[in-house]
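Please find below a colleague's note on the structure, set out as numbered points. The points proceed from the overall architecture to individual helices and side chains.

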Amino acid sequence: MRPAGAHGGLSQESPQAPWWEGTRSESSLPSGRGAFNISVPGEIVAKAQRAVDSGRAGSVSAYFTELAENEPDWADAELLATQILEESGGTTAEDEGWVESVLGVKETP
């Protein structure tokens, strides 16, 4: 399965389950930890290494783990917002106009 959006999120096949669900069993991971490779730009690798070298992170893995732990789970937030909208019957043109006026933006089709 592939993520639905550029930032991951829910799978297209199952809007209720995260795209990674079922890809690897937690019980197969030692001590609840997983190992995988990621590709990041060189400047990000250098930034992580500087954090390690300066003592702000114990390792490159610890650097990325801390970032992930502190980042909100946007997939869960998106799912919750979608559920709330569905339960409330969605938005009206008046609702959308108010949001656009408050944010100072106009949604483009």
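1. Helices, as the term is used here, are DSSP runs of H or I with at least four residues, numbered from the N terminus. On that basis Val 45 belongs to helix H1, which covers residues 42-53. The model under discussion is a predicted one.

2. Overall architecture. The protein contains 4 helices and 2 strands. Along the sequence these elements are arranged in the pattern β-β-α-α-α-α. Of the 109 residues in the protein, 13% are buried.

3. Geometry and end of helix H1. Helix H1 has 12 residues, and the distance from its first C-alpha to its last is 16 Å. This is close to the 16 Å expected at 1.5 Å a residue. After H1 comes Gly 55, which has a positive phi near 90°.

4. Surface patch. Phe 36, Ile 38, Val 40, Ile 44 and Val 45 together make a nonpolar surface patch of about 450 Å². Val 45, whose place is in H1, has a relative accessible area of 44%. Val 45 is therefore classed as partly exposed, since that class lies between the buried limit of under 20% and the exposed limit of over 50%.

5. Helix H2 in relation to earlier residues. Ser 61 lies in helix H2, residues 60-70, and is exposed because its relative accessible area is 54%. The C-alpha atoms of Ser 61 and Ala 48 are separated by 8.8 Å, with their positions 13 residues apart along the chain. Tyr 63 is also placed in helix H2. From Tyr 63 to Ala 51 the C-alpha distance is 7.3 Å, and the two are 12 residues apart in sequence.

6. Aromatic contact. How many aromatic pairs does the count come to? The count comes to 1 aromatic pair. Tyr 63 and Phe 64 form this pair, with an edge-to-face arrangement, 5.3 Å from centre to centre and 85° between the planes. The angle exceeds the cut-off for edge-to-face, which is over 60 degrees. As regards accessibility, Tyr 63 counts as buried because its relative value is 14%, whereas Phe 64, at 23%, is partly exposed.

7. Helix H3 and its two ends. Helix H3 spans residues 74-88, and its 15 residues should cover 21 Å at 1.5 Å a residue. The end C-alpha atoms are 21 Å apart, so the model agrees with the expected span. At the N-terminal end, Asp 73 acts as a cap for H3, with a side-chain oxygen 3.3 Å from the backbone nitrogen of Ala 75. Just after H3, Gly 89 adopts a positive phi of about 90°.

8. Glycines for inspection. Two residues may be viewed together at this point: Gly 55, with positive phi following H1, and Gly 89, with positive phi just after H3.

Methods:
Residues numbered from 1 in each chain as written. Predicted model: local features only at pLDDT ≥ 70, side-chain atom pairs only at ≥ 80, totals over all residues. Heavy atoms only, no water. Patch = residues over 30% accessible without salt bridge, like charges linked within 9 Å, V, L, I, M, F, W, Y side chains within 5 Å. Areas by Shrake-Rupley, 256 points an atom, 1.4 Å probe, with all protein chains shown as cover. Salt bridge = Lys/Arg side-chain N within 4 Å of Asp/Glu carboxyl O. Buried < 20%, exposed > 50% of the residue type's maximum accessible area, 1.4 Å probe, protein only. Expected span 1.5 Å × (residues − 1). Polar contact = N/O pair within 3.5 Å; in protein donor to acceptor, adjacent residues only side chain to side chain. Phe/Tyr/Trp six-rings, centres within 6.5 Å; stacked < 30°, edge-to-face > 60°.
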